[in-house]
Structures are given as C-alpha cells and as structure tokens.
Amino acid sequence: MSIIIKNISKTYKNQVALNSINLNIKKGEIVGLLGPNGAGKSTLIKILTGYISANNGEVKICGDNINENPKLVKQKIGYLAENNPLYIEMYIKEYLKYIAEIYKVSFQEIDKIIELTGLNSEKNKKINQLSKGYKQRVGLAAALIHNPEVLILDEPTTGLDPNQLIEIRKLIKNIGNNKTVIFSTHILQEVEKICDRIIIINKGNIVDDQKVDDLNKNKVNIETHFQKLTS
Ligand code: ADP
C-alpha cells in the first residue's frame, strides 16, 4: 500500500473535523476526494502531508509512519496546497532552483520537470507574468521536483478556465501513470475524467468509497449520488 490511514480523528476545539477515518490507497491509484465545504478534506490532506497532526490514529506513507519519520515521509510526498503559494517575483527557473536546493535535488532535474509540466514556452518569464493555469503548472513542478512517490493536490483545478482545466487534468492523469495521486476537488465530473477511485467525505466521515469504473458501469449520476450522500 502507498498510503495507510488508520482511525484518524481530528478535533479543533469543539469542532470534529475527522471522525476515525480508515483508508488504504494502492500504489499508482489516482484518488479523487470529494465533499461539501467543511467536510474535512483539507484537514485530511494536511494530516497526510504532515502539516498538522491528528489527535488519534496512524498514517503510513510508503511504509513509514508520518509521526515517527516525518522527514523521510516528506521526501516521498509532493504537495500542492489549495492556494498554491509561490514567490511571484521570482523567475520560473529561479524558483524551481530554490525548491531543488531545499530538496537537495540536482539542477539537471529542473529542465526535465519544466518539460514534463509543459512550462517550456513560458520558462523565461517571472511567475507574476503567468496565467493562473501556468502558475498551477509551476506549483505542480515544485511539488514534483524531488520525484515523490505520492502526489497530494488540494483543489488543483479551482479557478482555471475550460482550456486550462483540460490541460491540467491531462497533466495530472499523465503524472498518475507512475505515481499515487490523491486530490480534492469540487468539480464532480472531474473525478470521472481523471480518477480511478472516488472517496466522498461528509461531516468528517467517509460516506462513499468506490471505483469510478463501477460508478460508470452502474450508470450512477455522480451529481445525484453526491447530493444524496451529503445533503
Ligand atoms: P473542507 O476542506 O472539506 O472544506 P476542512 O477540513 O477545511 O473542510 O474543515 C473541516 C471542519 O473543521 C470545518 O467545520 C471547519 O470549520 C473546521 N476547521 C478547519 N480548520 C480549522 C481550524 N484551524 N480551526 C478551527 N476549525 C477548523
């Protein structure tokens, strides 16, 4: 298993954000995390990336416990946060060099990652000169530079125009050919397009977990299904 989540709970003061979550995610799976606002998606993602700790339970990424070996686990994870924090005054290559230095990755990897994320045509620009779609690509490039086994993306397609959406989805699908990808989204159709598996969270509980192929086989309308489970 690439990710093992056992009995993970998180409470902020009186607010239960996650209620004893259990999940196993296989190597190479692309998993879509769905749920209404406040369901607990970001909390789960923050726990998986070691950004915050759970109150109870255990997370293992590629066999290592996130609390026992946080540095090792972080080497195995690429994370694109919801608001894609970037140093916008930097040039793309300059920024990626800075990230590569943090991960102690050879600068030779930068050109490869620029190619993989389709940044070649823009590579000599400053980040603040880029469109939102290209900024997302820079965020993805930064998340991928150390060749992590697991890629975690918090709403990577929010705010993109239809063409940018298609391009970023293609990119995520392509990356998912040899990595485990878990990403949250509000775009229900997106999971059908990109994911192997869909997980729906509501009020801190997993209320559905199934293969997208099974949804399609059973001709389930994802919007109706989502509404039934979360409203
Ligand atoms: P989602 O990402 O699905 O919108 P979150 O994980 O952000 O959901 O939030 C889950 C619940 O936890 C919500 O009720 C939210 O208000 C609460 N919550 C999230 N972060 C905090 C925080 N830092 N302090 C207090 N409550 C929080």
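**Helix packing, ligand surroundings and Gln-210**

Helix 5 and helix 6 are roughly parallel to each other, because angles under 35 degrees count as roughly parallel and these two helices pack at an angle of about 15 degrees. The structure is a predicted model. The axes of helix 5 and helix 6, the latter spanning residues 162–175, lie 9 Å apart. The crossing of helix 5 with helix 6 is right-handed. On the side of helix 5, the contact is formed by Lys-132, Gly-133, Gln-136, Arg-137, Leu-140 and Leu-144. These residues meet Gln-164, Glu-167, Ile-168, Leu-171 and Ile-175 of helix 6. Sorted by class, the residues in this contact are five nonpolar, three polar and three charged.

Helix 5, which covers residues 132–144, also packs against helix 3. The axes of helix 3 and helix 5 come within 9 Å and cross at roughly 25 degrees. That angle makes helix 3 roughly parallel to helix 5. Here, too, the crossing is right-handed. Helix 3 contributes Ile-92, Tyr-95, Leu-96 and Ile-99 to the contact, and helix 5 contributes Val-138, Ala-141 and Ala-142. The contact of helix 3 with helix 5 has seven nonpolar residues, with no polar and no charged ones.

A further pairing joins helix 3 (residues 92–102) and helix 4 (residues 108–116), whose axes come within 10 Å and cross at roughly 125 degrees. Helix 3 and helix 4 are therefore oblique to each other. The crossing of helix 3 and helix 4 is right-handed. In helix 3, the residues in contact are Lys-93, Leu-96, Lys-97 and Ala-100. Their partners in helix 4 are Ile-110, Asp-111, Ile-113 and Ile-114. By class, the contact of helix 3 with helix 4 contains five nonpolar and three charged residues, and no polar residue. Leu-96 of helix 3 thus appears in the contact with helix 4 and also in the contact with helix 5.

The surroundings of the ligand were examined next. The residues around the ligand include Tyr-12, Gln-15 and Ala-17. The others are Pro-36, Asn-37, Gly-38, Ala-39, Gly-40, Lys-41, Ser-42 and Thr-43. Backbone atoms of three of these residues were paired with oxygen atoms of the ligand, as follows. For Gly-38, a backbone N or O atom lies 2.7 Å from an oxygen atom of the ligand. For Ala-39, the distance from a backbone N or O atom to a ligand oxygen atom is 3.1 Å. For Gly-40, the corresponding distance to an oxygen atom of the ligand is 3.0 Å.

The last site considered is Gln-210, a residue of strand 10, which runs over residues 205–211. The side chain of Gln-210 makes a polar contact of 3.1 Å with the side chain of Asp-208. Apart from residues up to four places away in sequence, Gln-210 touches Arg-197, Ile-198, Leu-215 and His-225.

Terms used. Residues are numbered from 1 along each chain as its sequence is written. This is a predicted model: local features need pLDDT of at least 70, side-chain atom pairs count only at pLDDT 80 or more; totals for chains, interfaces and linings use all residues. Side-chain values use heavy atoms; hydrogens and water are left out. Axes are lines fitted to C-alpha atoms, for helices over the stretch in contact, and angles run from 0 to 180 degrees between N-to-C directions. Helices (H or I, at least four residues) and strands (E, at least two) are DSSP runs, numbered from the N terminus. Angles under 35 degrees count as roughly parallel, over 145 as roughly antiparallel, 65 to 115 as roughly perpendicular and the rest as oblique. A crossing is left-handed if the near helix is turned anticlockwise from the far one by less than a right angle, and right-handed if clockwise. Contact means heavy atoms within 4.5 Å. Ala, Val, Leu, Ile, Met, Phe, Trp, Tyr, Cys and Pro count as nonpolar, Asp, Glu, Lys and Arg as charged, and the others, Gly among them, as polar. A residue is near a molecule or strand if one of its heavy atoms lies within 4 Å of it. A polar contact is a pair of N or O atoms within 3.5 Å; within protein, one must be able to donate a hydrogen and the other to accept it, and residues adjacent in sequence count only if both atoms are side-chain atoms.
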